[in-house]
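Let's take a walk around a protein together. Have a look at the model below, and then we'll go through a few spots one by one.

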Amino acid sequence: MPTVVTETQFEGLFKEKLGEHYKRALTIFTQYGKLLSWDVANVLLHAVDKGKVEDVLAELEKHWEKHLQSQHPEIRGTVEDRLLGVNKTRTMFLQICQNVLQLQPA
């Protein structure tokens, strides 16, 4: 099972760092659920460092509305497109890292 970030850990990591964006980020973190908690925390940590919090939150919200809100919490983010064989949630996190945060592979 992937690493899970609890709400208490999320608060400790982000309440001060996100300031006015904290409540919005907490809503997203809660919506995405425990299966995606590490991924959300990871991109937000990078977003804080890069000054791209607003951009990352917008991408996460857009993906939630389009792909995740109808998925059951126990499978949220694990669903693959049957036709293409692609997990749109994993792809979205990669796109955030590459396109929004401009992170390069090590």
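**A loop, a pocket and a tail**

Start with Val86, which sits in the loop between helix 4 and helix 5. Keep in mind as you look around that this is a predicted model. Is Val86 buried, exposed or partly exposed? Its relative accessible area is 31%, so Val86 counts as partly exposed, given that the in-between class runs from 20% to 50%. Val86 also has company: together with Leu83 and Leu84, it makes a nonpolar surface patch of about 340 Å². A residue needs over 30% relative accessible area to be part of such a patch, and Val86 has 31%.

Now move on to the largest pocket, which has a volume of about 220 Å³. Its lining is made up of 13 residues, and the ones closest to the centre are Glu59, His63, Lys88, Met92 and Gln95. Which elements give two or more residues to this lining? They are helix 4, covering 53-68, and helix 5, covering 88-100. Helix 5 provides the largest share, with seven residues. As for chemical character, the lining is a mix: four residues are nonpolar, five are polar and four are charged.

Last stop: follow the chain into the segment after helix 5, where you'll find Gln102. Check out its backbone, because there's a little twist here: Gln102 has a positive phi of about 55°, even though it isn't a glycine. And how does Gln102 sit relative to the surface? With a relative accessible area of 48%, Gln102 is partly exposed, since only values over 50% count as exposed.

Note on methods:
Residues numbered from 1 in each chain as written. Predicted model: local features only at pLDDT ≥ 70, side-chain atom pairs only at ≥ 80, totals over all residues. Heavy atoms only, no water. 1 Å grid on protein atoms, 1.4 Å probe; cavity = no way out; pocket = protein on both sides within 12 Å on 5 of 7 lines; lining within 4 Å. Points joined across faces, edges and corners; volume = space filled by probe spheres on them. Helix = DSSP H or I, 4+ residues; strand = E, 2+ residues; numbered from the N terminus. Nonpolar A, V, L, I, M, F, W, Y, C, P; charged D, E, K, R; others polar. Patch = residues over 30% accessible without salt bridge, like charges linked within 9 Å, V, L, I, M, F, W, Y side chains within 5 Å. Areas by Shrake-Rupley, 256 points an atom, 1.4 Å probe, with all protein chains shown as cover. Salt bridge = Lys/Arg side-chain N within 4 Å of Asp/Glu carboxyl O. Buried < 20%, exposed > 50% of the residue type's maximum accessible area, 1.4 Å probe, protein only.
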